Amino acid sequence: QKFKSMSIEKINEMLNIINDQSISATKNKYTYNAKIIKLSYMKDDTWHSTIEYTAQNDYGATKDGLNSATFQGNGELIKFSTIL
């Protein structure tokens, strides 16, 4: 129900925020490649998002990464975390 009440633009904004934060957190931004982005609404009126991606490290090896973000019910970023 919450997805229906949130505008497509606001949902896309949340997804863009976690993607931009993930790019900023990588060492080699030019090799960043997002794979899967998930967005879920939680009962405590927050949104939780995860993004799986690949990027090359300093030695040129491709590594998997996983980041998460928590947003307020209105879509404002609360916390961004690097998991992998």
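Which residues are buried in α2? In this predicted model, the buried residues of α2 are Lys10, Ile11, Met14, Ile18, Asn19 and Ser22. The paragraphs below start from the overall arrangement, return to this helix, and then move on to the strands, the aromatic rings and the pocket.

The chain contains two helices and four strands, and along the sequence these elements follow the pattern α-α-β-β-β-β. The C-alpha trace spans about 45 × 20 × 15 Å along its principal axes. Of the 84 residues, 30% count as buried. Among the contacts with a separation of 6 or more, 37% are made by residues 24 or more positions apart.

The helix α2 has 18 residues, and from its first C-alpha to its last it reaches 26 Å, close to the 26 Å expected at 1.5 Å a residue. Its buried residues pack against α1 (2-5), β1, β2, β3 and β4 (77-82). Two of these residues, Lys10 and Asn19, may be examined individually.

Lysine 10 lies in helix α2. Its relative accessibility is 15%, and because buried means under 20%, lysine 10 counts as buried. Leaving out residues up to four places away in sequence, lysine 10 touches Asn74, Gly75 and Glu76. Asparagine 67, by comparison, is 57 residues from lysine 10 in sequence and 20 Å from it in space, C-alpha to C-alpha.

Asparagine 19 also belongs to helix α2. With a relative accessibility of 18%, asparagine 19 counts as buried. Not counting residues up to four places away in sequence, asparagine 19 touches Tyr32, Ala34 and Ile51.

The last of these contacts leads to strand β2, where isoleucine 51 is found. Isoleucine 51 has a relative accessibility of 0% and therefore counts as buried. Beyond residues up to four places away in sequence, isoleucine 51 touches Ile18, Asn19, Ser22, Tyr32, Ala34, Ile36, Ile37, Gly65, Leu66 and Asn67. Three of the residues it touches, Ile18, Asn19 and Ser22, are among the buried residues of α2. Aspartate 64 stands 13 residues from isoleucine 51 in sequence, and the two are 11 Å apart in space, C-alpha to C-alpha.

Strand β3 holds serine 68, which is buried, with a relative accessible area of 10%. Neighbours within four places in sequence aside, serine 68 is in contact with Ile18, His48, Ser49, Thr50, Lys79, Phe80, Ser81 and Ile83. Ile18 of this list is also touched by isoleucine 51.

The aromatic residues come next. How many aromatic pairs does a search of the whole structure find? The search finds three. In one of them, the rings of tyrosine 32 and tyrosine 53 have their centres 5.2 Å apart and their planes at 35 degrees, so this pair is tilted. The pair links distant parts of the chain, since tyrosine 32 lies in the loop between α2 (8-25) and β1 (33-42), while tyrosine 53 lies in strand β2, 21 residues apart. Tyrosine 32 counts as buried at 14% relative accessibility, and tyrosine 53 is buried too, with a relative accessible area of 8%.

Another pair joins tyrosine 41 and tryptophan 47. Their ring centres are 5.1 Å apart and their planes stand at 65 degrees, so the pair is edge-to-face. Tyrosine 41 is partly exposed, with a relative accessible area of 29%, whereas tryptophan 47 is buried, with a relative accessible area of 0%. Together with Phe3, Tyr41 and Trp47 form one aromatic cluster.

The final feature is the largest pocket, which has a volume of about 210 Å³. Which residues line the largest pocket? The lining consists of Ala25, Thr26, Lys27, Tyr53, Ala55, Gln56, Asn57, Lys63, Asp64, Gly65, Thr82 and Leu84. At least two of these residues come from each of β2 (46-56) and β3 (62-72). By character, the lining divides into four nonpolar, five polar and three charged residues. Some of its members have already appeared: Tyr53 in the lining is the partner of tyrosine 32 in the tilted pair, and Gly65 of the lining is among the residues that isoleucine 51 touches.

Technical notes: Residues numbered from 1 in each chain as written. Predicted model: local features only at pLDDT ≥ 70, side-chain atom pairs only at ≥ 80, totals over all residues. Heavy atoms only, no water. 1 Å grid on protein atoms, 1.4 Å probe; cavity = no way out; pocket = protein on both sides within 12 Å on 5 of 7 lines; lining within 4 Å. Points joined across faces, edges and corners; volume = space filled by probe spheres on them. Nonpolar A, V, L, I, M, F, W, Y, C, P; charged D, E, K, R; others polar. Phe/Tyr/Trp six-rings, centres within 6.5 Å; stacked < 30°, edge-to-face > 60°. Buried < 20%, exposed > 50% of the residue type's maximum accessible area, 1.4 Å probe, protein only. Expected span 1.5 Å × (residues − 1). Contact = heavy atoms within 4.5 Å.
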